[in-house]
Amino acid sequence: MPDSRRFIVPWAQHVVCFLVILTFVSPLLFVEAYRHPRSLLHMAVSSTSPNPIHSSSTSIKELHCNVLIAGGGPAGLAAALSLARRGYQDIHVLERNPSAEYFEVDKSYLYRIDGRGQRLTGLLGITDAMQEVSITTEEFLNITIVQADGSVKVVKAPADPSQQTAYWLPRRALLSFLYDRIQKEDCGKAISFHWGVTIQRFVMPPPEKTAQITAQAKIVAALGDGTSTEFVSQKVIGCDGMNSRIRKGLEAWAASDPKKTEEIPSKSKERSTAKRVGRRWGWGWGKRDGPRFGLQYVDAPSAGLRYKILAIQDGFPLTHAEPDTPTRRETCYSYVGLPKGYFSPPLRLGLLPFKMQGIPRTANIIASPSADIFGLEKGQDVIAFLKRELPQCDVDQMVSPEEAERFARSSGGFFPRPQYCLDAQQVLGGRDGRQGAGGVVLMGDAIHAFPPDLGAGVNIALLDVLDFIFSLDKTEGDWAAALPLYETLRGPQSRAVCELIPIGFPQQYNHMLPVQKSLKLMGVGLRAALHKVFPRILAPPVFFMCQDVRWDYSQVLARATRTTRVLRTVGVLLLGAVLWRWDGGRGVREFVRKMRLGCVMG
């Protein structure tokens with residue numbers, strides 16, 4: 001064999017094997033090995049779906065209002081404040097929690113509000129208050145990792161400090177700032193809050209009557225005292241979460257209209273297979289599959305993971321070996337448990353930085369639903385399990401017996417499968433301007449829900465409110481014109497952020513096998529290195545692009561898709577060149593000749 005052939009054949013074999021693994025095998029390895037995503041999604045939905053509270057009284061009173069907002073989360077409160085500032089009166093907000101001061105440990109999330117979300121917080125005047133109780137990205141630079149043997153390692157946080165300052169703060173703090181702003185601006189006269197409300201169903205007028213000037217929708221809800229009330233309004237804003245009753249009511253209403261029912265495209269095996277291949281190779285994302293107000297789903301490695309939140313005590317020792325070194329609320333910690341083997345990742349206890357006083361610090365436990373810690377039913381079992389799995393921690397000073405008992409009783413939650421709805425509004429009352437037209441509009445998790453891989457949940461919800469207010473101002477308060485404009489603005493963003501989740505940063509939860517995580521990190525490192533060499537052609541990894549607030553999510557997705565196309569096109573060309581040169585190219589050329597001959601004969 002000539003020297004050139006002796007060199008190129010082994011080299012070509014390595015290249016071909018690498019490209020095959022990178023293109024076809026590695027995406028399959030990203031599917032979590034300890035669960036079936038669809039079965040876990042069913043578990044998540046069935047375990048978290050609300051149970052309607054049936055009233056003990058048969059009488060249902062009716063309450064008419066100008067604007068009706070379902071959900072008192074960040075999007076609902078921001079929408080109520082923004083409308084009150086524009087002169088809207090008689091705004092009613094329905095919230096499931098029993099009071100504004102209610103603190104729920106299982107929902108004590110930490111929000112990362114970046115420059116996108118700050119566009120609205122700045123308009124509402126709460127950014128300065130956020131700065132006082134938040135950890136900034138300039139302060140959140142390192143992560144302290146404490147191993148089971150007591151060794152401590154400090155690593156750099158995956159963030160770009162050159163970007164606009166982002167703020168980490170508890171969910172309760174953001175809600176408190178919005179609620180306090182409503183009270184300070186004397187918007188309480190325009191806004192009425194109903195606490196402890198369970199929405200039972202949402203009813204739209206018949207399809208043939210939606211264009212009438214008197215068309216109104218209603219929400220049937222159970223109040224905290226057990227009575228049922230029908231809230232009736234022509235202007236309804238649905239911010240009631242992932243399992244939105246408002247969106248489900250709209251979906252049922254759209255299905256009942258024979259004139260507007262859209263034909264659902266065929267979901268044959270051939271079409272779905274081609275669609276998956278096309279998405280994997282970056283050939284486009286397809287059109288909507290399903291009726292109006294129906295959800296579309298995206299597969300993601302982190303979908304279906306279960307989480308529980310543990311409230312811990314301040315100042316517990318860093319390790320048993322360092323009893324005089326207390327932990328600090330402003331520092332991020334990651335406690336790693338004892339190794340269990342290749343196919344069983346160790347327990348991890350994540351403590352995000354925390355500054356706000358008056359609220360207990362929390363630790364996140366995120367793992368496969370089959371993890372042992374989720375099967376514990378007593379507080380003493382939780383304490384014993386933590387002592388066994390985290391020998392480096394002084395568990396007695398970290399977790400109180402009362403909190404361990406609460407943790408054992410808590411059902412926690414599940415990361416949802418990324419889902420979005422391209423239909424975000426329905427006009428009621430026709431085009432009669434601000435005097436008559438109204439409509440139903442969806443915001444927040446009601447039109448997009450996904451795992452917190454990119455920290456985009458609260459930011460895109462605040463952007464929903466911002467675009468809604470922009471649409472109203474642009475059309476001078478004409479809901480009939482503003483709602484279609486709002487839907488046009490938010491639809492691409494809802495889709496893009498869900499499509500970004502699988503290619504963002506799913507390996508952060510340590511639920512993958514080591515080979516899966518290594519391949520994912522290798523892909524991220526390869527893109528980062530190639531971006532430095534070809535910055536105008538190839539984009540950086542998705543996680544870092546999402547931190548650059550100059551780009552919206554649809555632009556990030558477009559840049560990531562273009563980079564995928566370029567890399568895989570180059571890979572195919574290299575593979576073709578190697579195959580052409582392999583064995584002198586005789587086999588490939590013979591195959592091409594036969595194909596051409598077959599085409600001519602055919």
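This is a short walk through one protein chain, from its overall make-up to its strands and its cores.

Keep in mind that we are looking at a predicted model. The protein chain has 602 residues, and 51% of them count as buried. It holds 18 helices and 23 strands. Take the contacts with a separation of 6 or more: 74% of them link residues 24 or more positions apart. The accessible surface is about 28500 Å², with 57% of that belonging to carbon and sulfur atoms.

Let's go to strand 3, residues 91-94. Which way do its side chains point? Ile91 and Val93 go one way, His92 and Leu94 go the other, and all four are buried. In a regular strand, side chains alternate between the two faces of the sheet.

Now the partners of strand 3. Strand 2, residues 67-70, pairs with strand 3 in the parallel sense, over four bridges. Within that pairing, Leu68 has His92 as its bridge partner. Helix 3, residues 74-85, joins in: strand 2, helix 3 and strand 3 make a β-α-β unit, and the unit is right-handed. Strand 3 also pairs with strand 9, residues 191-194, again parallel and over four bridges. There, Leu94 has His194 as its bridge partner.

Next, a sheet of three strands. It is open, antiparallel, and ordered 4-8-5. Why do strands 4 and 5 each have a side without a neighbour? Strand 4 (110-113) and strand 5 (135-136) stand at the edges with a single partner strand each, so one side of each is left free in the sheet. Strand 5 runs antiparallel to strand 8, residues 167-170, and two bridges join them. Ile135 sits opposite Trp168 of strand 8.

On to the cores. In soluble globular proteins, nonpolar side chains tend to be buried together. Here, the largest nonpolar core has 91 residues, and the members touching the most others are Ile191, Ile219, Ile237 and Phe468. Helix 13, residues 457-474, gives the largest share, nine residues. Where does this core lie with respect to domains 1 and 2? Domain 1 (61-136 + 163-256 + 290-298 + 418-503) and domain 2 (305-415) both give residues to the core, so it lies between them.

Look at Phe468 in detail. Setting aside neighbours within four places in sequence, Phe468 contacts Leu83, Ile237, Val441, Met443, Trp479, Leu483 and Tyr486. Apart from this largest core lies another, of 28 residues, including Tyr333, Ala363, Phe374 and Cys393.

That's the tour. Happy to go back to any part.

How values were computed: Residues are numbered from 1 along each chain as its sequence is written. This is a predicted model: local features need pLDDT of at least 70, side-chain atom pairs count only at pLDDT 80 or more; totals for chains, interfaces and linings use all residues. Side-chain values use heavy atoms; hydrogens and water are left out. Buried means under 20% relative accessible area, exposed over 50%, partly exposed in between (1.4 Å probe, protein chains only). Two strands pair if DSSP finds at least two bridges between them. A crossover is right-handed if, with the strands pointing away from the viewer, the path from the first strand over the helix to the second runs clockwise. Contact means heavy atoms within 4.5 Å. Accessible areas come from the Shrake-Rupley method with a 1.4 Å probe; for residues, only the protein chains shown count as cover. A nonpolar core is a set of buried Ala, Val, Leu, Ile, Met, Phe, Trp, Tyr and Cys residues joined through side-chain atoms within 4.5 Å. Domain bounds come from an automatic or database domain assignment.
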